[in-house]
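Got the viewer open? Let's take a walk through this structure, one selection at a time.

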Amino acid sequence: MKLKTPLIISILSFVVVALLIFSSFFFFSLNRQNSEKSPKRLILGFSQIGSESAWRTRNTQSIFEAAEASGIQILFDDAQQKQENQLKAIRSFIVYQVDIIALVPIIEDGWDNVLREAKNAGIPVIIVDRQINADKSLYAGFLGENAFEEGENAAKFLIEKCADEEGEVSILEVSGTENSSVVKGRAQGFRDVLALDSKFNIIHSENGDFLRSRGKEIAEHLIQKARDSGNFKNDALYFEGQKIDAIFSHNDSMTLGILDSFANYGINPADTIIISIDAEQKSIDALVAGKLNCVVECNPNLGEMLMQLVKQVMSGKTIPRITYNKEKIFTEYDDFSIYEPRGY
């Protein structure tokens, strides 16, 4: 029996429509499964202060590495050491509607307005590395170093080193960026411990802005003043005719700059007690070579801890107000054979 042409066409049309409906259902189900397996990636707006040192570079790398491992996308901005750049960056993150912001603040003050803008936009903020003076309700919490304890540890080493000294111990302090929390914490911790013994005297303190070039400049300025007065000696640095027995430098970059000037003018660093903070590989090498006496670690590897906090905040959990990273102290008394490469 032969089927009529209109009937054949009707049957074929039905089959085509059925296949289209089935295909649509199949692809809808497949896309739904894929979307369930691949949830939207969190976007982290990350404002870093710059790349002024190996420590800072490693700090940034640590955060990028941890974000990649956690499947978190980063929208990054390098402030180039300017707070106004950070304020612009945070506002751009808000416009972009990132899920969360990580801020490494250059200085302590001036953040309330922009943090309030982020809060009003429903975007939580985690403060990293340096603390701020702001309404605590405007940010989720802080992750970083205990700067006060770092200063204390530097002073404790100096007291131990000079335990047998009877006369005054004169100290040069080379501090970091003015009005940053780490500078205030390290300076206060250092002074609080030294206040226990009156023989320790900070005869000069100068801002080196955490830069190697500034550390070198500060040391060479003191050397030049001594030369101009006709009292230059290559056994140490001098301040207004007084020999500097110890140098407390707030970071390795400035310390390495000081060592550069020592090398240029033939000053033996072994004749001065030098204490630094950070523990970059170059400062550990200088410690092993006898050019430094103590290096207090400031651990830049904050990435993994930051991602854990990010996930907690985004799941609606409250994180601690302060989370400190673990840190070590390296001294001239250590067994250098146990040191592992720092990686930065």
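Start by selecting Asp129: at 3% relative accessibility, this residue counts as buried, because buried means under 20% relative accessible area, exposed means over 50%, and partly exposed is in between (1.4 Å probe, protein chains only). Before you click on, know that this is a predicted model, where local features need pLDDT of at least 70, side-chain atom pairs count only at pLDDT 80 or more, and totals for chains, interfaces and linings use all residues. Residues are numbered from 1 along each chain as its sequence is written, and side-chain values use heavy atoms, with hydrogens and water left out.

Now add Arg56. Its side chain meets that of Asp129 in a salt bridge (2.9 Å, N to O); the term stands for a side-chain nitrogen of Lys or Arg within 4 Å of a carboxyl oxygen of Asp or Glu. Where do Asp129 and Arg56 sit in the chain? Asp129 is in strand E4 (residues 125-129) and Arg56 is in helix H2, 73 residues apart, so the pair links distant parts of the chain. These labels come from DSSP runs, numbered from the N terminus: helices are H or I with at least four residues, strands are E with at least two. Arg56 is buried too, with a relative accessible area of 3%.

Next, try Glu108 and Lys184. They form a salt bridge whose closest N and O atoms are 2.6 Å apart. Glu108 is in the loop between strand E3 (100-103) and helix H4 (112-120), while Lys184 is in helix H6 (residues 181-194), 76 residues away. Buried or partly exposed: which word fits Glu108? At 9% relative accessibility, Glu108 counts as buried, whereas Lys184, at 40%, counts as partly exposed.

For another pair, select Glu217 and Arg214. Their side chains meet in a salt bridge of 2.9 Å, N to O. Both residues lie in helix H7 (residues 212-228), three residues apart, about one turn of the helix. Glu217 is partly exposed, with a relative accessible area of 47%. Then highlight Glu52, Arg56, Asp129 and Arg130: salt bridges that share partners join them into one network. How many salt bridges does a search of the whole structure find? It finds 16.

Time for some helices. Two packed helices are described by the angle between their axes and the distance between the axes. Show H2 (residues 54-70) and H10 (residues 303-314): their axes come within 7 Å and cross at roughly 50 degrees. Axes here are lines fitted to C-alpha atoms, for helices over the stretch in contact, and angles run from 0 to 180 degrees between N-to-C directions. That makes H2 oblique to H10, because angles under 35 degrees count as roughly parallel, over 145 as roughly antiparallel, 65 to 115 as roughly perpendicular and the rest as oblique. Look for Ser62, Ile63, Ala66, Ala67 and Ser70 in H2, which meet Gly303, Glu304, Leu306, Met307 and Lys311 in H10 (contact means heavy atoms within 4.5 Å).

Last stop: H3 (residues 83-96) and H4. Their axes come within 10 Å and cross at roughly 10 degrees, which makes H3 roughly parallel to H4. Click on Glu117, which is in helix H4 and counts as partly exposed at 32% relative accessibility. Leaving aside its neighbours within four places in sequence, Glu117 is in contact with Arg91 and Ile94. Glu117 and Arg91 are 26 residues apart in sequence and 7.9 Å apart in space, C-alpha to C-alpha.
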